[in-house]
Amino acid sequence: VPIAPRYELFYWSGIQGRGEFVRLAFEEAGVKYDDVARGEGGDDAVVKMMAGKGAGLRPFAPPFLRVGKLVVAQTANILQFLGPRLGLVPDDEASRLAANQHQLTIADLVVETHDTHHPLGPTFYYQDQKQEARRRAAAFMKERLSKFLLYFEAILADNKRSKGRHLVGKGLSYVDLSLFQVMEGLSYAFPRNLERVRRRVPRVQAVRDLVAARPRIAAYLASPRRIPFNERGIFRHYPELDP
Ligand SMILES: N[C@@H](CCC(=O)N[C@@H](CS)C(=O)NCC(=O)O)C(=O)O
C-alpha cells in the first residue's frame, strides 16, 4: 500500500448503513476518500465489484474498500486495516485485538438491530413481516439492547488507562466512533426505549458526546456528506416497534 494511497469506499449511496462506520474513521482522521457509489457510477459500481468485474478479491457484500490492487471487505476487517493507517488504534497487539473484538461485538449488535425490522431476513419486505418484527423488537428491547450497552459500559469502567472515557487504550479509537454511531442509530430508531436505557450507561453516553464534539466529526455531521437516517437503512424508525 502506497504512503498516501487513494482510498475508495464502496457502499450503497442512499444510506448510512455499515458504510458509516468506515466513513467516520476517515472523517475523524481528516483523510480523503472517494465514496464511489455517490459519484457518477452510482450503486452499479458496488454491484460490479461483487460480480468480480474489478481487480482484487471479490467481496460478498458492501462496505468494502479498494486501495490500489487491494480490496478489503467486512466492516470490522476494514477498520482493522485502517486503524493503524489513520492513527485510530494503539500500537500494541493486545489493544488491537481488543479493538477488533469490540468492533465485532458492535457488528453483532448491528445485526440484531437490523433483525428487529427484518426478523425473517432480507428476502421479505418489512410490510410482510410486521407481526414477527413486533415480537422481535419487543424481545430486543426487553433483553438485548441493555445487555449490549451495559457490556460496553462495563468495558469503559474497566479501562482505567483512559479513566473510563475510551473503550481501548488511553485515547480515541475507531471503536469509540462506532459506539457513537450505534448510539445515534438506536436513538433514531428507538427514541423511547433508548431513553430508558441511556441513563443506565453514563460512560457510553459520554463517549457519544465526546465523539459528537470532535471538530472534524461535528463538521462532518453538519455537512451534506452525512446522509440522514431513513427507513431503508439498518436503523429504521417504525413507531410501532418502539412502544
Ligand atoms: N458482515 C458484513 C455484513 C455486510 C452486509 O450485510 N452488507 C449489507 C449492507 S449494510 C448488504 O448489502 N448485504 C447484501 C447481502 O447480504 O446480500 C459487514 O460487517 O460488513
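Which helix gives the most to the lining of the second largest cavity? In this predicted model, that contribution comes from helix 3, with 3 residues. The legends below treat the ligand site and the cavities in turn.

**Figure 1. The ligand and its surrounding residues in the predicted model.** The ligand sits in the largest pocket. Its surroundings comprise Tyr 11, Trp 12 and Arg 18, the run Phe 60, Ala 61, Pro 62 and Pro 63, and the pair Gln 74 and Thr 75. Classified by residue type, this shell has 6 nonpolar, 2 polar and 1 charged residues.

**Figure 2. Polar contacts of the ligand with Trp 12, Pro 62 and Thr 75.** A nitrogen atom of the ligand lies 2.8 Å from a polar backbone atom of Pro 62. Side chains provide the partners for oxygen atoms of the ligand: an N or O atom of the Trp 12 side chain is 2.9 Å from a ligand oxygen, and a polar side-chain atom of Thr 75 is 2.7 Å from a ligand oxygen. On its own, the ligand has 500 Å² of accessible area, of which the protein covers 64%.

**Figure 3. The largest cavity, with a volume of about 60 Å³.** The structure holds 2 cavities of 30 Å³ or more. Lining the largest cavity are Ile 15, Gln 16 and Gly 17, together with Gln 181, Phe 229 and Asn 230, and with Gly 233, Ile 234 and Phe 235. By class, this lining has 4 nonpolar and 5 polar residues. Charged residues are absent from the lining of the largest cavity.

**Figure 4. The second largest cavity, with a volume of about 40 Å³.** The residues that line the second largest cavity are Leu 79, Gln 80, Pro 84, Val 89, Arg 96, Ala 99 and Tyr 174. Of these lining residues, 5 are nonpolar, 1 is polar and 1 is charged.

**Figure 5. Helices 3 and 4 at the second largest cavity.** Helix 3 spans residues 75-86 and helix 4 spans residues 93-117. Each of these two helices supplies at least two residues of the lining. Helix 3 makes the greatest contribution, with 3 residues. The lining as a whole includes Leu 79, Gln 80 and Pro 84, as well as Arg 96 and Ala 99. Val 89 and Tyr 174 are also among the lining residues of the second largest cavity.

Conventions:
Residues are numbered from 1 along each chain as its sequence is written. This is a predicted model: local features need pLDDT of at least 70, side-chain atom pairs count only at pLDDT 80 or more; totals for chains, interfaces and linings use all residues. Side-chain values use heavy atoms; hydrogens and water are left out. On a 1 Å grid over the protein atoms alone, a cavity is a set of points where a 1.4 Å probe fits but cannot get out, and a pocket is an open set with protein on both sides within 12 Å along at least five of seven lines; lining residues have an atom within 4 Å of a point. Grid points are joined across faces, edges and corners, and a volume is the space filled by probe spheres set on the points. Ala, Val, Leu, Ile, Met, Phe, Trp, Tyr, Cys and Pro count as nonpolar, Asp, Glu, Lys and Arg as charged, and the others, Gly among them, as polar. Helices (H or I, at least four residues) and strands (E, at least two) are DSSP runs, numbered from the N terminus. A residue is near a molecule or strand if one of its heavy atoms lies within 4 Å of it. A polar contact is a pair of N or O atoms within 3.5 Å; within protein, one must be able to donate a hydrogen and the other to accept it, and residues adjacent in sequence count only if both atoms are side-chain atoms. Accessible areas come from the Shrake-Rupley method with a 1.4 Å probe; for residues, only the protein chains shown count as cover. A molecule sits in a cavity or pocket if more than half of its atoms lie within 2 Å of its grid points.
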